[in-house]
Amino acid sequence: MQKELLLGDEALAQGALDAGLSGVYAYPGTPSTEITEFIQIQPSAINGDVHSKWSSNEKTAMESALGMSFAGKRAMVCMKHVGMNVAADAFVNSAMTGANGGLIVVAADDPSMHSSQNEQDSRFYAKFAFTPIFEPSSQQEAYDMTSAAFELSERFAVPVVMRLTTRLAHSRAEVVRGEVREQNELKFPEDPKQWVLMPSNSRERYKRLLNDYAAMESEAASSKFNSYTDAADRSVGVIACGIAYNYLMENFEGNAPFPVLKISQYPLPTTLVERMASECDSILILEDGQPVVEEMLRGVLSTPIPIKGRLSGEVPRTGELNPNNVRQALGLQPHPTRDASEVIVPRPPALCQGCGHRDVYKSLNEVVAEYDAAKVFSDIGCYTLGWLAPFHAIDTCVDMGASITMAKGAADAGVFPSIAVIGDSTFTHSGMTGLLDAVNEKSNITVIISDNLTTGMTGGQDSAGTDRIEAICYGLGVEPEHVRVVVPLPKNVEEIKQMLREEIEYNGVSVVIPRRECIQTAKRHNAKK
Amino acid sequence: MKRDIILAGVGGQGILSIATVIGRAALNEGLHIKQAEVHGMSQRGGDVQSNLRISSSNIASDLIPLGCADLIISLEPMEALRYLPYLSVKGWIVTNSTPFVNIDNYPNQDALNAELGRVDNSVVLDIDTFAREVASPRAANMVLLGAATPFLDIEPQSIEQGIIEIFNRKGDAVVQSNLAAFRAGYNHTKERVNE
């Protein structure tokens, strides 16, 4: 079979397609975006055999995928780790309903926070909800595991989490494809109670889920993706989860001198961990992200043998793993290196030259300077870069949609002017409900929806509310005379400033919409023409 | 064979076009490849790098360990220096000489040149000038790839085949332009190293 050079994200996507995927649902988020983008350009997606359109947010994506699973088809939902927070209600309860057609929940974690606001570990969510996890260590495994995950999902009637980290998601390697499977036929669930989570039904479901969870663990103990490799030096045994296995092997050129337990499928197989604990003098745990396995082994009371990892300091408490910090944890001498250059300076990212957000921030900064105590609550997107030089324009950035609701809360507390800056895609993702709250209380806030007609930061995906932003604002009850549109260009700065002044002075909810296409997507559109 | 390469530059300069060609050539040669890329926030004009590993045997890590890179290929001189701790003691730097200045505190040009001069095993060239002379400015990245190819342990014919396959859908003129740029870079390094 022909080898292809695929990103971890793409390998997973190809695996899903070859395993009979009927639909992918997702909201863009680094490092998960390329999964859905890969599927969108395949003939089966273009001709409509496989659903691949973007969803408004991770919760709507999760629920749509669950609906497709209900109908007996194989569905996948993809998100970055913080998207799991948005989808959490639907996700945790999907473990209670269970799956009908195979259901994979892809959570792409971002240890070291390359493009994120925290480094939460999605394995906690899966454990919390009692679902199995697959954590590939290579692009080939990402491909192979997808069909295994669908199969497991259907056999146990449970959603399965596929956990990636940035490094695997965005790294390419050669992948060999396997057999291609047909999509499932429509087939409805046999147990009518299963999908109605009323308390009486849920109590039954919960018992069954806990029972099944034990069986899923036995399954993981014999999984081909997990392995126990014995070796002579038993002074330490190493548990290497997911991609950590590669960093371990990098330091021993494929042959570790001590026992290694490779974990790529969870629930954590207790029998294999017990074997290591009984045969080795100590255990070193290598896991990318947070110390999930380490905390499981450590518990609260002291353990019979020493356990080393992120909590005990052998591995850095924060940040992603790499060959170097794993080398140090293994007690090996560092490779000889050259000194770092003292000439270099940091080069932080910045808003593109010609970007409309620049004109918005220039205008906003000048208006804000006219007040003593204006506060600007911003949001998740390219415009978060407004915190950096040269604008230093924003006071907060927390989570999708928080700009509007935080501005409201601050206004409730007496802050004036209380200004929100949010992008069009983030507004339809999680800003609309907050705007309704503000309208209902006639909160004194000014909301800037900086509309670049795309989801910019993740590379220019379709934005759910394009051409309907004003209509949405009217529908939520913002007074039409206080929904104002302007074109963010350097020549219009005075116009934008005047509009902002007027709307700040209006005592109530006003929305200013600076609208101009993202210059990156505009370049692409022009190149096509 | 085994080559660990760090590709460096500024978001938007297109370091991945170089990685794509090397990757295609390596795949054609039946070699193993791992190529870690940067997507997301840093792409907006920040520093970006890609770890490209090629080997005739299995590759474990997607990331190159400190002190183990055989080659740094950089589209920007300061960005070449950023990854010095990754370069092995015997490794080479091949970099464009033209700074990309999008920050206020960009280092003084003389200090930068002096620092590059202190690195043993470096090839510093103005890829845009080469590209303008032999092809088109758009082919500058292929000048850099050509200049790095003598250190790749892959035959230049294989890299040329990679260029042909990658640029084929853009038409023959684009292919020929990129090949010319590639050869100019390649010849520059061959002459420089044979001096």
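Which residue just after α1(A) takes a positive phi? In this predicted model, the answer is Gly20(A), with a phi of about 90°. The helix that precedes this glycine, α1 of chain A, spans residues 8-18. Helix α1(A) is mostly covered, with 11 of its 11 residues buried. The run of buried residues begins with Gly8(A), Asp9(A) and Glu10(A) and continues through Ala11(A), Leu12(A), Ala13(A) and Gln14(A). Gly15(A), Ala16(A), Leu17(A) and Asp18(A) complete the buried set. As a helpful reminder, an α-helix has 3.6 residues a turn, so residues three or four places apart point the same way.

Further along chain A, attention turns to a sheet. Five strands form an open sheet in the order β8-β10-β9-β12-β13, and their pairing is mixed. The two edges of this sheet are β8 (227-229) and β13 (307-308) of chain A, each of which pairs on one side only. The partner of β8(A) is strand β10(A), residues 260-263, and the two pair in the antiparallel sense over 3 bridges. Within this pairing, Ser227(A) has Lys262(A) of β10(A) as its bridge partner. In general, strands of a sheet pair through backbone hydrogen bonds, either parallel or antiparallel.

Strand pairing also links the two chains. Strand β7 of chain A (residues 171-176) is joined to β2(B) by 3 bridges, and the two strands run antiparallel. Here Arg172(A) stands opposite Gln35(B), a residue of β2(B).

The interface as a whole can now be described. On the side of chain B, 52 residues are in contact with 45 residues of chain A. The size of an interface is often given as the accessible area lost when the parts come together. For chain B and chain A, the buried area is about 4,100 Å², and carbon and sulfur atoms give 56% of this area.

Polar and charged groups take part as well. The rule finds 4 salt bridges across the interface of chain B and chain A. Arg347(A) forms a salt bridge with Glu76(B), where the closest N and O atoms are 3.2 Å apart. Across this interface there are also 22 residue pairs in polar contact. Several elements of chain B give two or more residues to the side that touches chain A: the helices α1 (15-28), α2 (77-82) and α3 (109-118), together with the strands β2 (32-36), β3 (47-55) and β5 (87-96). By residue type, this side of chain B divides into 26 nonpolar, 14 polar and 12 charged residues.

Methods:
Residues are numbered from 1 along each chain as its sequence is written. Chains are lettered from A and ligands numbered from 1 in the order in which they are written. This is a predicted model: local features need pLDDT of at least 70, side-chain atom pairs count only at pLDDT 80 or more; totals for chains, interfaces and linings use all residues. Side-chain values use heavy atoms; hydrogens and water are left out. Two strands pair if DSSP finds at least two bridges between them. Helices (H or I, at least four residues) and strands (E, at least two) are DSSP runs, numbered from the N terminus. Buried means under 20% relative accessible area, exposed over 50%, partly exposed in between (1.4 Å probe, protein chains only). Contact means heavy atoms within 4.5 Å. Buried area is the accessible area (1.4 Å probe) that two parts lose on being put together, summed over both. A salt bridge is a side-chain nitrogen of Lys or Arg within 4 Å of a carboxyl oxygen of Asp or Glu. A polar contact is a pair of N or O atoms within 3.5 Å; within protein, one must be able to donate a hydrogen and the other to accept it, and residues adjacent in sequence count only if both atoms are side-chain atoms. Ala, Val, Leu, Ile, Met, Phe, Trp, Tyr, Cys and Pro count as nonpolar, Asp, Glu, Lys and Arg as charged, and the others, Gly among them, as polar.
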